[in-house]
Every structure is written in C-alpha cells, then in structure tokens.
Amino acid sequence: MYLCSAILPPRSYFLVALPIPEQNADASTVTIRTRKFMTNRLLQRKQMVVDVIHPGLANVSKIEMREKLAKVFKSETDLVFPFGFRTQFGGGRSTGFVLVYDSMESAKKFEPKYRLARQGLVEIKRIARKQRKERKNRNKKLHGTEKAKGKKAKKSND
C-alpha cells in the first residue's frame, strides 16, 4: 500500500510515493550487534556498545533486550543493565550501552542506585517535597554540629 501526494512547485510536477510501514512488524527481525566489547575485571563486569537494528519497529523494549543479551552471555536477566539508547533519525536502528555483571553483589556494589531501582532491585524512598523544604529551613537556624543531629539544642538558663 502506498501513500501518494503531489507536490506542485511552479512549472514542474513531482509525484512522491512513500511506502507505509507495516504496523505489526515481527520481533524476530530484530538484530543485536555488540561493538567495543571489554571485560572489566576491576568492576567485575563485561561492558559493550550495542547496535540494535529493528526495521518496522519503533523501538525494542529493554526487557526484551535484557533477555536476549542474557542468553548470549550466559547470564541472568537481572545482571544485564542496558541504558542510554538513542534511535537514529529515520528509525530502524538504535545504539546504546550494556553492562553485564558477574554477580548480584558486584552489580549492587558498582551500579548507580537509580539504575538498580529501574530494574526493581532496590527501592528508593522519597520524602515528600514539602517535608524536605521544611527540614532544610529548620536546619538554616542551626549552627555547627547541631545540623548533623537535626535537632535544635536547647539553651541552658545560667
């Protein structure tokens, strides 16, 4: 099926035919290639740049990508951390970064907390904004080591 539109600049005629991409593209057409592979023994992980070719698909989910990469690197899906993916202009191709840790202990030790929270490995407790502001303003009135304690020291009456 083609979408046709006529563009009529002065004294010339052009006919532009654009194919409409299929809505139900196959996930089996997704190709994952790794570049710049490096085994980082200090951080107990494998790190690489990943090129994902996905014609007909807007993007590939990170969960799907984690499963495929875990199978390739003979690891668990919880130890694979994909991030920083950008889709190239025109679509059909994305590039990002992937870290595959050797163990869960090393992942929790070296990976930033926000990335662990994205995968559901750590729960980040957020205090309400108003409470944070009130605490900040209360601490403005304190001096020195009292700020670490968080309480206003009572003055003794001498």
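**Exercises on a predicted protein chain**

Lys-36 counts as exposed, because its relative accessibility is 66%; exposed stands for over 50% relative accessible area, buried for under 20%, and partly exposed for values in between, with a 1.4 Å probe and protein chains only. The model is predicted, so local features need pLDDT of at least 70 and side-chain atom pairs count only at pLDDT 80 or more, while totals for chains, interfaces and linings use all residues. Residues are numbered from 1 along each chain as its sequence is written, and side-chain values use heavy atoms, with hydrogens and water left out.

**Exercise 1.** State the order of helices and strands along the protein chain.

Step 1. Helices (H or I, at least four residues) and strands (E, at least two) are DSSP runs, numbered from the N terminus.

Step 2. The protein chain contains 5 helices and 6 strands.

Step 3. In sequence order, the pattern reads β-β-β-β-α-β-β-α-α-α-α.

**Exercise 2.** Locate Lys-36 and Lys-74, and describe their phi values.

Step 1. Lys-36 belongs to strand β3, residues 31–40. Its phi is positive, about 50°, although Lys-36 is not a glycine.

Step 2. Lys-74 sits in the loop between α1 (62–72) and β5 (80–87). Here too phi is positive, near 50°, in a residue other than glycine.

Step 3. For background, most residues other than glycine have a negative phi.

Step 4. Lys-74 counts as exposed, because its relative accessibility is 78%.

**Exercise 3.** Find the strands that pair with β4 and say how far β4 is covered.

Step 1. Two strands pair if DSSP finds at least two bridges between them.

Step 2. β3 and β4 run antiparallel and are joined by 8 bridges. Thr-34 stands opposite Val-50 in β4.

Step 3. These strands, β3 and β4, form a hairpin with 4 residues between them. In the turn, Gln-44 has a positive phi of about 55°.

Step 4. β4 also runs antiparallel to strand β6 (residues 93–101), with 9 bridges between them. Arg-45 has Tyr-101 in β6 as its bridge partner.

Step 5. Strand β4 covers residues 45–53, and 7 of its 9 residues are buried.

**Exercise 4.** Give the totals for burial, contacts and surface of the protein chain.

Step 1. Of the 158 residues in the protein chain, 23% are buried.

Step 2. A contact means heavy atoms within 4.5 Å. Among contacts between residues at least 6 apart in sequence, 45% join residues at least 24 apart.

Step 3. Accessible areas come from the Shrake-Rupley method with a 1.4 Å probe; for residues, only the protein chains shown count as cover. The accessible surface is about 12,500 Å², and 54% of that belongs to carbon and sulfur atoms.
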